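I opened this entry to note what I looked up in the model, going from the whole chain to one helix and then to the surface.

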Amino acid sequence: MVKMKTYTLDELTDKYIGKRGTPKREEFEFELQLHLLGDMIKKTRKEQNLTQEQLGKLLGVQKAQISKIENNVKDVRISTILRVFKALKAKVTMRVEFDKGNVIEREC
């Protein structure tokens with residue numbers, strides 16, 4: 001019987017996307033986080049029995065804008081995303097780290 005080598009997700013990501021800290025890996029991680037964020041918004045909206053149109057009306061935006069947020073379109077304003085969280089009654093904590101070690105953390 002032939003024993004197959006197994007790889008971790010991190011090993012495969014390092015090999016095919018790039019090591020942590022490389023520009024390609026950073027872009028990949030960022031896009032993945034945006035995708036997960038959109039999925040969380042969609043899941044929460046559905047748990048609260050809201051349609052995209054209803055959530056849009058709460059925010060004063062079109063249904064298409066909610067669809068863009070849920071489907072990971074990159075040109076969505078952070079202010080709109082924060083308004084979505086507020087409408088969904090979500091607690092948001094933002095943390096920004098700068099190269100020189102400065103950190104900004106804020107609860108929204």
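I counted five helices and two strands in the chain, taking helices (H or I, at least four residues) and strands (E, at least two) as DSSP runs numbered from the N terminus. From the N terminus on, I read the order of elements as α-α-α-α-α-β-β. The radius of gyration, taken over C-alpha atoms, is 18 Å, well over the 13 Å that the globule rule (2.2 Å times the number of residues to the power 0.38) gives for 108 residues, so the chain is more spread out than a compact globule.

This is a predicted model, in which local features need pLDDT of at least 70 and side-chain atom pairs count only at pLDDT 80 or more, while totals for chains, interfaces and linings use all residues. Residues are numbered from 1 along each chain as its sequence is written, and side-chain values use heavy atoms, with hydrogens and water left out.

I then checked helix H2 (residues 23-47): its 25 residues should span 36 Å at 1.5 Å a residue (times one less than the number of residues), and the end C-alpha atoms are 36 Å apart, which agrees. Its buried residues (under 20% relative accessible area, 1.4 Å probe, protein chains only) are Arg25, Gly38, Ile41 and Arg45. Among what covers them I found helix H1 (9-16), helix H3 (52-59), helix H4 (63-70) and helix H5 (78-87). After H2 comes Asn49, with a positive phi near 55°.

Last, I looked at Leu12, which lies in helix H1 and counts as partly exposed (between 20% and 50%) at 35% relative accessibility.

Terms used:
Contact means heavy atoms within 4.5 Å.
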